[in-house]
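Please follow this account with the model open beside the text. It moves from a pair of helices to the sheets, and then to the protein as a whole.

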Amino acid sequence: MTVLHTLNTFLPTLASTQLLIAYSGGLDSHVLLHALKHIQQRHMPLLKLRAIYLNHGLNPQADFWQAHAEQICLALQIPFLTGRLDFSYKGESIEASARNARYAYLATQLLPNEILCTAHHQDDQLETVLLQLLRGAGPKGLAAMPPIQPFAQGFHARPLLTVDRDMILNYATSAQLQWIDDDSNAEVKFDRNFLRHDIVPVLKKRWPQAARTLSRSAAHCASSQELLEEYLHAELTTLAGHFPETLSRRQLAQCSEIKQSYLLRAWLVQKKIPLPSTVQLTQILTLLHAQNDAETRITWQQYQARFYRDDLFIAHQDFFKPQPSQVFSWDGKTPLALPSGTLMLEASASGPISNHKLSGTLTVRFRENNQKLKKIFQENGIPAWQRWQLPLIYADGKLVAIADCWVDPAFRVLPGESGSRICLISNIK
């Protein structure tokens, strides 16, 4: 299948005709750029193209390459963007750090509903599968690169993923394209380059269709992963804990060990929380059967796992921090921003608190400790860390309510009276 035929088949499946092409000036991206312009002129006049060159500043020739890319886009009458990346390694390899910096910057440049197009091809997919195998990846990692996926405000498409490197080179030669050869691509100290130059040629000599067959395996793994995620997400709906965004440890503990591990990982991915190490994940699952673990916490990066009774909480460490010991006056009408900066206190209509008894200025406090409060917290199953976070609402020195968790019976609405409900709402836009 030729480059043009592949693109003519792929482009109509996209949800937008507005494309941002990641253009390095190298062989692959130049072929993608040139072929898309050809299709725009001959077959799809409504196709809107932009190109972007990202200057990593790692190679002395980077500015020359940028100028070359700009000239090519000018000749093709394709709007040209550029950006200079500033990144640090932060414990990652230079390859991973550069890749993360690229996509972070591209995300800021993508327009709503625009599709980012990169020139990854079948041989890139082969290298990715091999790298994932050598890292011990499971089905998700072995699924490698999808042809299209959500990205920033739009999508990231890889329209050449079924085209091999030889076909791309044939197109470039036939079209007499002039491209950049980055000398760092020959440095086998980088894992991907080592595979490309020293391993893949040997594999292809023995198995000429290696790129195609391993790409097919990646597609099978992607299908398996999609089915697994669908199953796990359905299972998670039956494991909800007493509190929002928690899991029931009792129900989770009834699952097999392997299922526990998969469910917990799927839950964290769903909550967009970084995965803990295998050791930390095992520690969390071991505590499902533990007793007296209210003070136990497992920490990784800026996240913590804690237990309270039947509930497993996993959240950012700020979630568990106590509110400062402060006192506020509140009119009970205007939303009151709390010291955390992430929550507001608001009174809404139609609730259990009598408006007649709630008249006048209210006082909001935090971090009081007495036997009455302790009993209320225990009876309502409120975890220890939340007891220092929840606002206490007073009227004339008498405790009316604890956030939206408890209301004093003396202040409850009577038949025929109007009532209010005190709510905690997010202050994050």
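**From a helix pair to the whole fold**

In this predicted model, helix α2 (residues 27–42) and helix α7 (residues 165–174) have axes that come within 10 Å and cross at roughly 65°. Two packed helices are described by the angle between their axes and the distance between the axes. The crossing of α2 past α7 is left-handed. On the side of α2, the contact is made by Leu-27, Asp-28, Val-31, His-34, Ala-35 and His-38, while α7 contributes Ile-168, Leu-169, Tyr-171 and Ala-172. Sorted by character, the residues of this contact comprise seven nonpolar, two polar and one charged.

The sheets come next. Strands of a sheet pair through backbone hydrogen bonds, either parallel or antiparallel. One open sheet has six strands in the order β3-β2-β1-β4-β6-β5, and its pairing is mixed. Its edge strands are β3 (80–84) and β5 (148–151), each of which pairs on one side only. From one strand to the next, the twist averages 25°. Helix α4 (residues 94–109) packs on this sheet and touches β1 (18–22), β2, β3, β4 (115–117), β5 and β6 (154–157). The direction of α4 makes about 140° with that of β2. Within the sheet, strand β2 (residues 48–55) and β3 pair in the parallel sense over five bridges. In this pairing Tyr-53 stands opposite Thr-82 in β3.

A second open sheet to consider has four strands in the order β7-β10-β9-β8, with antiparallel pairing. Here the edge strands are β7 and β8 (297–300), each pairing on one side only. Neighbouring strands of this sheet are turned by 20° against each other on average, direction ignored. Strand β9 (residues 303–308) and strand β10 (residues 311–316) are joined in the antiparallel sense over six bridges, and Tyr-303 stands opposite His-316 in β10. Helix α12 (residues 278–286) lies across β8, β9 and β10, and runs at about 160° to β8.

The loop between α9 (210–236) and β7 (246–248) contains His-242. Is His-242 buried or exposed? Its relative accessibility is 63%, and His-242 therefore counts as exposed, the cut-off for this class being over 50%. His-242 and Leu-228 are 14 residues apart in sequence, and their C-alpha atoms are 26 Å apart in space.

Strand β11 shows how side chains can be arranged along a strand. In a regular strand the side chains alternate between the two faces of the sheet. Along β11 (residues 327–330), Phe-328 and Trp-330 point to one face and are buried, whereas Val-327 and Ser-329 point to the other and are not. Strand β11 pairs with strand β14 (residues 362–365) in the antiparallel sense over four bridges. In this pairing Phe-328, one of the buried residues of β11, stands opposite Val-364 in β14.

Further along the chain are three strands linked by hairpins. Strand β15 (residues 392–395) is joined to β16 by four bridges, and the two run antiparallel. Ile-393 has Ala-401 as its bridge partner in β16. The hairpin formed by β15 and β16 has two residues between the strands, and Asp-396 in the turn has a positive phi of about 55°. Strand β16 also pairs with strand β17 (residues 406–407), in the antiparallel sense over two bridges. Here Ala-401 stands opposite Val-407 in β17. The hairpin of β16 and β17 has three residues between the strands, and Ala-403 in the turn has a positive phi of about 45°. Why is strand β16 described as largely enclosed by the rest of the structure? The reason is that four of the five residues of β16 (residues 398–402) are buried.

The account now turns to the protein as a whole. The protein has 14 helices and 18 strands. Of its 429 residues, 43% count as buried. Among the contacts with a separation of 6 or more, 67% are made by residues 24 or more positions apart. The C-alpha trace spans about 85 × 45 × 40 Å along its principal axes. The radius of gyration of the protein is 29 Å, whereas a compact globule of 429 residues would have one near 22 Å.

How values were computed: Residues are numbered from 1 along each chain as its sequence is written. This is a predicted model: local features need pLDDT of at least 70, side-chain atom pairs count only at pLDDT 80 or more; totals for chains, interfaces and linings use all residues. Side-chain values use heavy atoms; hydrogens and water are left out. Axes are lines fitted to C-alpha atoms, for helices over the stretch in contact, and angles run from 0 to 180 degrees between N-to-C directions. A crossing is left-handed if the near helix is turned anticlockwise from the far one by less than a right angle, and right-handed if clockwise. Contact means heavy atoms within 4.5 Å. Ala, Val, Leu, Ile, Met, Phe, Trp, Tyr, Cys and Pro count as nonpolar, Asp, Glu, Lys and Arg as charged, and the others, Gly among them, as polar. Buried means under 20% relative accessible area, exposed over 50%, partly exposed in between (1.4 Å probe, protein chains only). Two strands pair if DSSP finds at least two bridges between them. The radius of gyration is taken over C-alpha atoms; the globule rule is 2.2 Å times the number of residues to the power 0.38.
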